[in-house]
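Visitor: I have a structure to look through and would welcome some help. May I put a few short questions to you?
Guide: Certainly; please show it.

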Amino acid sequence: MSNIALQQPTILWDRRGKEIINGNVVAMTPARPNHWRVSKKISSIFDNFFQDKSCEVFCDVPVHLSKKNKVAPDISVVCNPEFVKENGIHGVPDLVVEVLSPSTAARDKVDKKNLYERFGVKEYWIIDTKSRMIEIYVLENDKYSSASIYIIHEEFDLQEMTEQEKASVITKFKTSLFDDLVIDINEVFKDLT
């Protein structure tokens, strides 16, 4: 019989759905169908765009920003292949997307936004499936700029608008990082219940 002691592996990521933000463990709840629908659409748009390009798209992959900050964004775009390791991303993604859930909305809008800003995520999207809205923050001088907001207007909203207001409704936008990547918000929120 051998006297070799087996070491327990260090757990770098808890697969049961926990994140670590500023050293605090935060439990996560399962996503709802609309959350997954939007995540899947954004991921598909990004996957198609980044084919044959140096950036890579990840969904729900652990991002190790530091020992005290490990998160699992809904979507991460990483343009530095050295950050991609077997157990997740070790470094700062270029773009992060969080799709709000009732249980995570406050954390995504405040704690994670502050975290991503502090670590230098260049572009941060917050998507609200309930209000059909996308908020985009762009890092400028180490701070996020005021959000650009893109929203789906309901038919009754459009009926109340003047022709000039209707003409100013934006349904497509470009990202700050990838000028030729155009996002159609009608496509993002298509088929939600």
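Visitor: Which residues line the second largest pocket?
Guide: In this predicted model, that lining consists of Arg-32, Asn-34, His-35, Leu-100, Ser-101, Pro-102, Ala-105, Asp-128, Thr-129 and Lys-130.

Visitor: How do they divide into nonpolar, polar and charged?
Guide: Three residues of the lining are nonpolar, four are polar and three are charged.

Visitor: And what volume does the second largest pocket have?
Guide: Its volume is about 220 Å³.

Visitor: Now the interior. How many residues has the largest nonpolar core?
Guide: It has 26 residues, and Ile-42, Phe-46, Val-97, Trp-125, Ile-127 and Ile-134 have the most contacts inside it. At least two residues each come from helix H1 (33-50), strands E6 (75-78), E9 (95-99), E10 (123-128) and E11 (133-140), and helix H5 (185-188).

Visitor: Which of these gives the most?
Guide: H1 does, with five residues.

Visitor: What is Val-97 in contact with, leaving aside neighbours within four places in sequence?
Guide: Val-97 is in contact with Ile-42, Phe-46, Pro-73, Asp-74, Ile-75, Trp-125 and Ile-127. Another core, of 16 residues, lies apart from the largest one and includes Val-71, Val-96, Leu-100 and Leu-115.

Visitor: Back to H1. Which of its residues are buried?
Guide: They are Asn-34, His-35, Val-38, Ser-39, Lys-41, Ile-42, Ser-43, Phe-46, Phe-49 and Phe-50. The buried residues of H1 pack against strands E3 (56-59), E6, E9, E10 and E15 (182-184), as well as H5.

Visitor: How far apart are the end C-alpha atoms of H1?
Guide: They are 25 Å apart, which agrees with the 26 Å that its 18 residues should span at 1.5 Å a residue.

How values were computed. Residues are numbered from 1 along each chain as its sequence is written. This is a predicted model: local features need pLDDT of at least 70, side-chain atom pairs count only at pLDDT 80 or more; totals for chains, interfaces and linings use all residues. Side-chain values use heavy atoms; hydrogens and water are left out. A nonpolar core is a set of buried Ala, Val, Leu, Ile, Met, Phe, Trp, Tyr and Cys residues joined through side-chain atoms within 4.5 Å. Buried means under 20% relative accessible area, exposed over 50%, partly exposed in between (1.4 Å probe, protein chains only). Helices (H or I, at least four residues) and strands (E, at least two) are DSSP runs, numbered from the N terminus. Contact means heavy atoms within 4.5 Å. The expected span of a helix is 1.5 Å times one less than its number of residues. On a 1 Å grid over the protein atoms alone, a cavity is a set of points where a 1.4 Å probe fits but cannot get out, and a pocket is an open set with protein on both sides within 12 Å along at least five of seven lines; lining residues have an atom within 4 Å of a point. Grid points are joined across faces, edges and corners, and a volume is the space filled by probe spheres set on the points. Ala, Val, Leu, Ile, Met, Phe, Trp, Tyr, Cys and Pro count as nonpolar, Asp, Glu, Lys and Arg as charged, and the others, Gly among them, as polar.
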